[in-house]
Amino acid sequence: MRKLLFESLFRRPFTEAAPSADDAAVSELANAVGRAARRRLGRSLSIREVDAGSCNGCELEIHALNNAYYDVERFGLRFVASPRHADVLMVTGPVTKNMRDALERTYHATPNPKWIVAIGDCARDGGCFAGSYAVVGGVSEVIPVDLHIAGCPPTPTAMLRGLLALLERADTSAVTP
Amino acid sequence: MASPIDRILEGREILQRRPWPRAVVGAHLWRFVANELARGRLGLLGLWGEPSTVHMAIMDEATSEIATVSLDCPDHSYASIGRHHPPALRLERAAHDLFGLTAEGAPDTRPWLDHNCWGVRFPLGDRINALSEVPRYRFLPVEGDGLHQIAVGPVHAGIIEPGHFRFTANGETVVRLEERLGYTHKGIEGLMIGANLERAAQLAGRVSGDSTVAYAYAFSKAAEAALGLVVPDRAVWLRALLAELERLANHLGDIGAICNDASFTLMHALCGVLRESILRASNSAFGHRLMRDIIVPGGVTRDLSDAGTEIIQATLDNIRLRFPALVELYDNTASLQDRTVDTGVLKPALAKQYAVGGYIGRASGRSFDARRTLAYPPYDKLRFEVPVLNEGDVNARVWIRVREVEQSLSLIDQILDRLPEGPSGTHAGHRGEAREGMAIVEGFRGDVLVWLRLRDGLIERCHLRDPSWFQWPLLEAVVEDNIVADFPLCNKSFNCSYSGHDL
């Protein structure tokens, strides 16, 4: 183990430069976040991930956000274990009817101010599962969504760009209480 | 001694043999199969419904012969298999929820996928309105001094899929775990009905995202079997390449994630880097990090270029260089071994009873690997070992995966070395009459089974059986007598799919 740790002291880090914030996301957020003055969050957001019925493809790429290449924590973004600790709910999947109640309850357990980010094509409108007897549809059918990040699944870079846009927006629209 | 499958099929009209026989049986033979399953001579591969038929795929455990038996049930009931052979229980509960088929004499008749949220009952059978008032789901009763319950989920603490776990514990020791699943039920088999091949392949590739290649592979093979389609050699080999890349990525990610559940984050970080390197190579070579929608009926949608080959080779070289140090790190860290050795033991007898596949079966003495046992091309022409251990603990499951990483590295080398030239796909032909096909493909988690019937180029019925169906119940068994804090380790070492199971 010592050798591995020693090596990592001298090796250049895997972590890559941050991508620029997503333009489309910035304009979508202009409406969402601008609606009300937000309390200053100090460029730090806690994220609670909720799988509302996804195929788990999006989860794999959300996991990748935490790996050494993307290292999402360097931006002050971190995944937390409870909605009660969260500023952002990151929701994946077409919302299944069996998960609707759990998603609503998670939303209500998240303190204000909060943002909802819908991840993936299914989270927008149900994707290829739309129309099923077991599927409600997109996330916005159940809870208000502030930002969509498209893809099947979106790449970690696409998610990072969206989240950075959210972070910038949360920062500039914030007022000191 | 004649194989029980020969006895079942003897003198019976074989409906279709693509590639395995299916026969309609009467109540008497149905019970004979139940008995043979209970005696351990047959293994259960799957049990699924149609509006007035129930099908069961079985395998002779000695000869690996496979067959499907079907029982007509015009009155929507059949003799329960689960009564004699518990691995069938959840499959029967699911067939009831979807089709309204009742398993007579079943010891557990609680709903499984139906949480009374759909607004309809028996959505794939004769639909009726949902019940206005339903009794609460009853977890199995527990009695005894000093017991308490811990309810977890459906929303979990990590970035994982939803499901509910009900632990009953005595102090720190788990006395019973009961799972409740079905939260991610999307009605995929319903959406399949009437879909054309293109849409159906897309849906199949979204049954379980981590196995998108395995599902597209199994679905395509089943469709090709039904249509009698011959896939060009190059596509056959490219599919195996995709499947091995998917296996590598998942194994590397999970080995790290298991260690992470013992708070050993260094392994997690370093394995995560290797996993990412595979995803990037896949993206460069095939245009998608998870290689989604590449395998389709008839072949593959993207051919491999020389540049793609080079990137994959370079990635593999790097893994060969880095991985051994990680294996050594795992092996030499006593505090980590303390958590994984003797934790979550799956006894070989139970693995055999459930005919459980993947690294779970192979860590508990069951050597089944569809690539070897069924030897579908190109695996019949490739050299590889199927690692098997008998300990059945978390540690054994980690080691099986370590060994499988090594095998996949070698398999990819062989594939790249011997990749035939030629076209990478052919057009799926059109046939009017009903044609059935079945396929079993070894995904990273275990054997994925797809059975389908096509008519006029459209799906009439398609059943997709995830390996998790036979793995989830065993997780309940292995957690018993472990401490609550070791559940994440046991769970991650199984890594069952929620979405693949819930469909």
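Here are some questions and answers about this predicted model.

Q: What is the mean pLDDT of chain A?
A: Let's start with how far to trust chain A. In chain A, 84% of the residues reach a pLDDT of 70 or more. Over residues 32–40 of chain A, though, pLDDT stays under 50, and the model has 20 contacts beyond four places in sequence for them. Residues 173–177 of chain A also stay under 50, with 12 such contacts. The mean for chain A comes out at 85.

Q: What radius of gyration does chain B have?
A: The C-alpha trace of chain B spans about 65 × 60 × 50 Å along its principal axes. A compact globule of 503 residues would have a radius of gyration near 23 Å, so that's the number to hold chain B against. The model agrees with it: chain B has 22 Å.

Q: What percentage of the residues in chain B is buried?
A: Chain B is built with 17 helices and 17 strands. Take its contacts with a separation of 6 or more: 67% of them join residues 24 or more positions apart. Buried here means 20 or more other C-beta atoms within 10 Å. Of the 503 residues in chain B, the buried share is 54%.

Q: How far apart are the end C-alpha atoms of helix 7 of chain B?
A: Helix 7 of chain B covers residues 233–260, which makes 28 residues. At 1.5 Å a residue it should span 40 Å. The model agrees with that, since the end C-alpha atoms are 41 Å apart.

Q: Which element gives the most to the largest nonpolar core?
A: Nonpolar side chains tend to be buried together in soluble globular proteins. In this model the largest nonpolar core has 205 residues, and Val91(A), Ala218(B), Ala222(B) and Val450(B) have the most contacts inside it. The top contributor, with 16 residues, is helix 7 of chain B. Burial is also how that element looks as a whole, as 26 of the 28 residues are buried in helix 7 of chain B.

Q: Which residues does Val91(A) touch, leaving out those up to four places away in sequence?
A: Val91(A) is one of the residues with the most contacts inside the largest nonpolar core. Its partners are Val50(A), Ala52(A), Leu103(A), Ile116(A), Ala118(A), Ile119(A), Ala123(A) and Val139(A).

Q: How many nonpolar residues are on the side of chain A that touches chain B?
A: The contact takes 38 residues from chain A and 41 from chain B. On chain A, strand 2 (45–51), helix 3 (57–65) and helix 4 (97–109) each supply at least two residues. Sort the chain A side by type and you get 5 charged, 11 polar and, for nonpolar, 22.

Q: Which peptide bond in the loop between helix 4 and strand 6 of chain A is cis?
A: Most peptide bonds are trans, so a cis one is worth a look. Pro113(A) sits in that loop. With omega near -5°, the cis bond runs from Asn112(A) to Pro113(A).

Q: Is Asp293(B) buried or exposed?
A: Asp293(B) lies in the loop between helix 8 (265–286) and strand 13 (295–296) of chain B. Its phi is near 60°, a positive value in a residue other than glycine. The cut-off for buried is 20 or more other C-beta atoms within 10 Å. Asp293(B) has 21 such neighbours, so it counts as buried.

Terms used. Residues are numbered from 1 along each chain as its sequence is written. Chains are lettered from A and ligands numbered from 1 in the order in which they are written. This is a predicted model: local features need pLDDT of at least 70, side-chain atom pairs count only at pLDDT 80 or more; totals for chains, interfaces and linings use all residues. Helices (H or I, at least four residues) and strands (E, at least two) are DSSP runs, numbered from the N terminus. The expected span of a helix is 1.5 Å times one less than its number of residues. A residue is buried if 20 or more other C-beta atoms lie within 10 Å of its own, exposed if 12 or fewer, and partly exposed in between; C-beta atoms are placed from the backbone. pLDDT is the predictor's confidence in each residue, from 0 to 100. Two residues are in contact if their C-beta atoms, placed from the backbone, lie within 7 Å. The radius of gyration is taken over C-alpha atoms; the globule rule is 2.2 Å times the number of residues to the power 0.38. A nonpolar core is a set of buried Ala, Val, Leu, Ile, Met, Phe, Trp, Tyr and Cys residues joined through C-beta atoms within 7 Å. Ala, Val, Leu, Ile, Met, Phe, Trp, Tyr, Cys and Pro count as nonpolar, Asp, Glu, Lys and Arg as charged, and the others, Gly among them, as polar.
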